[in-house]
Structure formats: structure tokens, C-alpha cells
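Open the model in a viewer and keep the selection panel at hand. The stops below go from one selection to the next.

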Amino acid sequence: MLHLQKNKNEPLIRIGHLKKSFGDVTPVKDVSCDIYQRDVISIIGPSGTGKSTLLNLINHLETAVLSIWR
């Protein structure tokens, strides 16, 4: 069995005030969330609303303008 963390009350991923802009367009604006072990999440929304950008930011494939990571 894989143990990712000892304290199950602490999130595996904590994102605070994440923001990403491309010129005048800001697809990700003030996104905050905690993701805990065994959480299942979905990111839904219309085309062009920043879903892929958010995933790229979480995976550090893009650089955020403003963020708090843990």
C-alpha cells in the first residue's frame, strides 16, 4: 500500500489565489482549492474558460502570475 502522507487532514495539493493572464485575457483568476488524498475532482466548463490552463499551471507547464502553492 502506498502512503502519500501521514496526516490525512492535510491536503496533498493546496492552491491559493492562482492567476494566469495572456495579454488582456485572464482565463484563470483567483482560483483556490485544497485536494486531499483519495479526492476525485472534475474541472468542467465551456471552451476557452481556462480548464487546460489550470491543469498546465498545476503541473508547472505554465507559470502563474500570482499563486500560493503547497
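Start with L55, which is found in helix α1 of this predicted model. With a relative accessible area of 43%, L55 is partly exposed. Add I41 and I43 to the selection: together with L55 they form a nonpolar patch on the surface. The accessible area of the three residues together is about 250 Å².

**The chain as a whole**

Switch to a cartoon view. The protein chain has 1 helix and 3 strands, and its elements run β-β-α-β from the N terminus on. Color by accessibility next: 20% of the 70 residues count as buried. The accessible surface of the protein chain comes to about 5400 Å², and carbon and sulfur atoms hold 55% of that. For a contact map, take the contacts with a separation of 6 or more: residues 24 or more positions apart account for 52% of them.

**The core**

Which residues make up the largest nonpolar core? Select I15, L18, V28, L54 and L57, 5 residues in all. The elements that give two or more residues to this core are β1 and α1.

**First salt bridge**

The structure holds 2 salt bridges. For one of them, select D34 and R14, whose side chains meet at 2.8 Å, N to O. This pair links distant parts of the chain, with D34 in strand β2 (residues 25-35) and R14 in strand β1 (residues 13-22), 20 residues apart. D34 counts as partly exposed because its relative accessibility is 32%, which lies between the 20% limit for buried and the 50% limit for exposed. R14, with a relative accessible area of 30%, is also partly exposed.

**Second salt bridge**

Now select E62 and K20. Their side chains meet in a salt bridge at 3.6 Å, N to O. Here too the pair links distant parts of the chain: E62 sits in the loop between α1 (51-58) and β3 (66-69), K20 in strand β1, and 42 residues separate them.

Is K20 buried or exposed? K20 counts as buried, because its relative accessibility of 11% is under the 20% cut-off. Its partner E62 has a relative accessibility of 25% and therefore counts as partly exposed.

To finish, show both salt bridges with the cartoon: D34 with R14, and E62 with K20. R14 and K20 are both in strand β1, one of the elements that give two or more residues to the largest nonpolar core.

Note on methods
Residues are numbered from 1 along each chain as its sequence is written. This is a predicted model: local features need pLDDT of at least 70, side-chain atom pairs count only at pLDDT 80 or more; totals for chains, interfaces and linings use all residues. Side-chain values use heavy atoms; hydrogens and water are left out. A salt bridge is a side-chain nitrogen of Lys or Arg within 4 Å of a carboxyl oxygen of Asp or Glu. Helices (H or I, at least four residues) and strands (E, at least two) are DSSP runs, numbered from the N terminus. Buried means under 20% relative accessible area, exposed over 50%, partly exposed in between (1.4 Å probe, protein chains only). Patches are made of residues with over 30% relative accessible area and no salt bridge: like charges are joined within 9 Å, nonpolar side chains (Val, Leu, Ile, Met, Phe, Trp, Tyr) within 5 Å. Accessible areas come from the Shrake-Rupley method with a 1.4 Å probe; for residues, only the protein chains shown count as cover. A nonpolar core is a set of buried Ala, Val, Leu, Ile, Met, Phe, Trp, Tyr and Cys residues joined through side-chain atoms within 4.5 Å. Contact means heavy atoms within 4.5 Å.
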